[in-house]
Amino acid sequence: MHTRSIPLALALIALLHGCSADAPGQAGADASPPLLDCVSGDIRDCGLAMGACELGMQQCSEQGQWLACQGGVEPETEVCNGIDDDCDGSVDTGCSCLPGETQDCGSDLGACEVGTQTCSAEGQWAMCENDVPPSAETCNDIDDDCNDIVDDMAPCEEAQESVCEGDVLRSFEAMGTCEAGACLYESTLTNCDYGCEQAACLPSDWPIIDRPTGLLSRARLASVWTGTELIFWSGESNAGSRDDGWRYNPTTDTWAALPTINAPAAHRRGSAIWTGTEMIVWGGLESLARQTGSRYNPSTDAWTTMSAIDAPSGRYDHTAVWTGSEMLVWGGEGSGSGRSGGRYNPSTDTWSSISDVGSPSRRNQHSAIWTGTEMIIWGGDNASTSFANGSRYDPGTDTWTAMSSASSGSARTAHTATWTGSEMIIFGGWTGFNEVSGGARYSPATDSWQSLPSAGLSARHFHTAVWTGSEVIIWGGNSNGNKRNDGAAYSLANDSWTPMSSVGAPAGRSSHIAAWTGTVLVVWGGLASGTYLGDGATIAP
């Protein structure tokens, strides 16, 4: 660029033209010549010489003003082309790449694979294509998240199904450990008492009854069902006859010991009946046959001693039924028991005798039921003979009526008899030589018997029987020396038997107690091959 110093020249020009040096804008003699930017004809460089820009040339006009720059290359909008288009000293400002350019992208660690990025027309890298990106780490012996560590923190949380291994259930922990690309789970083994199917132990159909401390094993005990509780007293144990009792609530699965003040003396093979408010325990054996008893009231949790005046002679293996106002005691073994009986009125605490005119022959271990108007005595033995006969006693007239025995089946003792509301059902028993397998039903209205169909059960005695309102349930008993833990339910309406489940059933036993609660059968105590039992269970048939 060519420039000159012009102040003196301007002053000389002004003098030659007769101008004064007054300030610009003054007219006449006072006017000063205008200031000039340049001397006409001068030239100079103009524009920028940076990036894509090139210098141009400016020429001074006759008026001393620089004209527009000519011939130069001026700045333009910056584009991504590798050139400093806007001539700001920075090439491709705001651009990441050159259009069409490509580069590798992603990672090549672990399971990842490198892809390709292409530069867009706007100079920006497009999305990575054809790459394999990182993924969540899994237990597979592969570096899925591409951090150069194989199976680090790989989760092992998939639920593992339990499996049956014979009668053993293998269950797995919820969290496992990843080792060598495989999830390993700790497991526990459970022996299934009732078999293992479909990856689960088979449940017991017989929930076990809780047993409190102090409740001793026993058999041959007297018990009653109150409508809410099973109550028993005394019984036979390894330590001899018991002098205690308990009450069991199946709804809460809880026990409570009975008080002992005024309670009956220790004995076994006595009787117990429920009056609706009290349990009356009477008779039994302990060295000698007992002639005494007491009444237990659950509401007051207290015993009341019974009068023995005019009571029947001491006895055991007898029977007792409740008429609604009196307890009727009959038969049994003991000095002078014979074919006698007695009637006890708890309201007056008095005894009266039962006529023996027309009564059954002397016997014990027979059965007795109350029909609502009569007591029916059936079967039993007298130490030398088992009976297949019986009689009906009417306390209103104090008279006996012999029963028909046609189609009643074998003579039997230690059998069961159940009243259905219209018929008596007898089952099982002992002939004196072997067990009885069958049963029969007796109608007092027609004084007739009908044989029962086969129950599918082995012959047995000293079993239990309860009435549910529609069925008689037979369970347990002694069968040729073997203690049974099976049973069946007989439908009166269908005249047919249904076997009961034995899954989880308690150990086989005889001389135990049983009660129907309205929903479940309760079984407790008894004998198992010479061993006294103190356990029990329930089942909903």
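**Surroundings of Ser294, aromatic pairs and the largest pocket**

In this predicted model, Ser294 is in contact, beyond its neighbours within four places in sequence, with Asn262, Ala263, Pro264, Met279, Ile280, Val281, Trp303, Thr304, Thr305 and Met306. The residue belongs to strand β22, which covers residues 293-297, and with a relative accessibility of 2% Ser294 counts as buried. One of its contacts, Asn262, is separated from Ser294 by 32 residues in sequence, while the C-alpha atoms of the two lie 7.1 Å apart in space.

Another residue in contact with Ser294 is Trp303, which also takes part in the aromatic pairing of the structure. A pair of aromatic rings is described by the distance of the centres and the angle of the planes. The structure holds 16 aromatic pairs, and among them Trp233 and Trp303 form an edge-to-face pair, with 5.0 Å from centre to centre and 65° between the planes. Because Trp233 is located in strand β13 (residues 230-233) and Trp303 in strand β23 (residues 302-305), this pair ties together parts that are 70 residues apart in sequence. Trp233 is buried, its relative accessible area being 1%, and Trp303, at 4% relative accessibility, counts as buried as well. Trp303 also pairs with Tyr296, and since the ring centres are 5.2 Å apart and the planes stand at 45°, this second pair is tilted; both Tyr296 and Trp303 are buried.

Elsewhere, ring pairs link Phe232, Trp246, Tyr248, Trp255 and Trp524 into a cluster. An arrangement of another kind involves Arg363, which lies over the face of Phe387 at 4.2 Å from the ring centre.

Turning to the empty space within the model, the largest pocket has a volume of about 1800 Å³. Its lining consists of 43 residues, of which Ser223, Ala272, Ala320, Ala368 and Ala417 are the closest to the centre of the pocket. Two or more lining residues are given by each of the elements β12 (222-225), β18 (271-274), β24 (319-322), β28 (367-370), β32 (416-419), β36 (464-467) and β42 (513-516). When the lining of the largest pocket is divided by class, 25 residues are nonpolar, 15 are polar and 3 are charged.

Note on methods
Residues numbered from 1 in each chain as written. Predicted model: local features only at pLDDT ≥ 70, side-chain atom pairs only at ≥ 80, totals over all residues. Heavy atoms only, no water. Phe/Tyr/Trp six-rings, centres within 6.5 Å; stacked < 30°, edge-to-face > 60°. Helix = DSSP H or I, 4+ residues; strand = E, 2+ residues; numbered from the N terminus. Buried < 20%, exposed > 50% of the residue type's maximum accessible area, 1.4 Å probe, protein only. Lys NZ or Arg CZ within 6 Å of the ring centre and 35° of its normal. 1 Å grid on protein atoms, 1.4 Å probe; cavity = no way out; pocket = protein on both sides within 12 Å on 5 of 7 lines; lining within 4 Å. Points joined across faces, edges and corners; volume = space filled by probe spheres on them. Nonpolar A, V, L, I, M, F, W, Y, C, P; charged D, E, K, R; others polar. Contact = heavy atoms within 4.5 Å.
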